[in-house]
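This briefing goes through selected structural features of one protein chain. The sequence and the model are shown first.

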Amino acid sequence: QVQLVESGGGLVQPGGSLRISCAASGITFSLYRMSWYRKAPGKERELVAAITSGGSTNYADSMKGRFTISRDNTKNTVYLQMNSLKPEDTAVYYCNALLSNLVYWGQGTQVTVSS
């Protein structure tokens, strides 16, 4: 059974930082492209960042320089370090695992940026 379990979300003040994690089980984690998506109320789901099995990364333009995606294949975990957070970063953040036609999603973790 495949599980992607996000954690680390919460309430943070504007300008603050937060690191969220996604622990995977039931897959050969090192082979998968791992991504973070987010969905804010009233908006479409959007890609935040992705990291390939080889460690290459890409980011949405609005996250470049503020967010960092990383992975630890020994822990089957992908991370998203978020700095300089803005109120518009408030959303549910979802972990995604992709390998060919295999796609898995986590249940999401809420990140709220507010004073």
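The points below cover a sheet, its strands, a disulfide, the salt bridges and one loop residue.

The model is predicted. It contains an open sheet of 4 strands with antiparallel pairing, in the order 1-3-8-7. The chain has 1 disulfide, and the salt bridges number 4.

**The sheet**

- Strand 1 (3-7) and strand 7 (67-72) form the edges of the sheet; each has a single partner strand, so one side of each is left without a neighbour in the sheet.
- On average, neighbouring strands of this sheet are turned by 15 degrees against each other, with direction ignored.
- Strands of a sheet pair through backbone hydrogen bonds, in either a parallel or an antiparallel arrangement.
- At one edge, strand 1 pairs with strand 3 over 5 bridges in the antiparallel sense.
- Within the pairing of strand 1 and strand 3, Glu6 has Cys22 of strand 3 as its bridge partner.
- At the other edge, strand 7 pairs with strand 8 over 6 bridges, again in the antiparallel sense.
- Two positions illustrate the register of strand 7 against strand 8: Thr68 stands opposite Gln81, and Asp72 stands opposite Thr77.
- The hairpin of strand 7 and strand 8 has 4 residues between the strands, and Asn76 takes a positive phi near 55 degrees there.

**Faces of the edge strands**

- In a regular strand the side chains alternate between the two faces of the sheet.
- Strand 1 shows this alternation: Leu4 and Glu6 point to one face and are buried, whereas Gln3, Val5 and Ser7 point to the other face and are not buried.
- In strand 7, the covered face carries Phe67, Ile69 and Arg71, while Thr68, Ser70 and Asp72 lie on the uncovered face.
- Glu6 therefore belongs to the buried face of strand 1, and its bridge partner Cys22 is buried as well, with a relative accessible area of 0%.

**The disulfide**

- Cys22 and Cys95 form a disulfide, with their sulfur atoms 2.1 Å apart.
- The link of Cys22 and Cys95 is left-handed, with -80 degrees about the S-S bond.
- Cys22 lies in strand 3 (residues 18-25) and Cys95 in strand 9, so the disulfide ties together parts that are 73 residues apart in sequence.
- Cys95 counts as buried because its relative accessibility is 0%, and for Cys22 the relative accessible area is also 0%.

**Salt bridges**

- Arg38 forms a salt bridge with Asp89, the closest N and O atoms being 2.9 Å apart.
- This pair links distant parts of the chain: Arg38 is in strand 4 (residues 33-39), Asp89 is in the loop between strand 8 and strand 9, and the two are 51 residues apart.
- Arg38 also forms a salt bridge with Glu46, with the closest N and O atoms 2.7 Å apart.
- How buried or exposed are the residues around Arg38? Arg38 itself is buried, at 7% relative accessible area; Asp89 is buried, at 0%; and Glu46 is partly exposed, at 32%.
- Salt bridges that share partners join Arg38, Glu46, Arg66 and Asp89 into one network.
- Asp61 and Lys64 meet through their side chains in a salt bridge, at 3.3 Å from N to O.
- Asp61 counts as exposed, at 64% relative accessibility.

**Thr90 in the loop between strand 8 and strand 9**

- Thr90 is found in the loop that runs between strand 8 (77-82) and strand 9 (91-99).
- Asp89, the salt-bridge partner of Arg38, is placed in that loop too.
- Which backbone atoms lie 2.9 Å from a polar atom of the side chain of Thr90? One is the backbone oxygen of Pro87, and another is the backbone nitrogen of Val113.
- Leaving out residues up to four places away in sequence, Thr90 touches Ala40, Gln110, Val111, Thr112 and Val113.
- Val113 therefore appears both among the residues that Thr90 touches and as the source of a backbone nitrogen 2.9 Å from a polar atom of the Thr90 side chain.

Key: Residues numbered from 1 in each chain as written. Predicted model: local features only at pLDDT ≥ 70, side-chain atom pairs only at ≥ 80, totals over all residues. Heavy atoms only, no water. Polar contact = N/O pair within 3.5 Å; in protein donor to acceptor, adjacent residues only side chain to side chain. Contact = heavy atoms within 4.5 Å. Pairing = 2+ DSSP bridges. Axes fitted to C-alpha atoms, helices over the stretch in contact; angles between N-to-C directions. Buried < 20%, exposed > 50% of the residue type's maximum accessible area, 1.4 Å probe, protein only. Disulfide = S-S within 2.5 Å.
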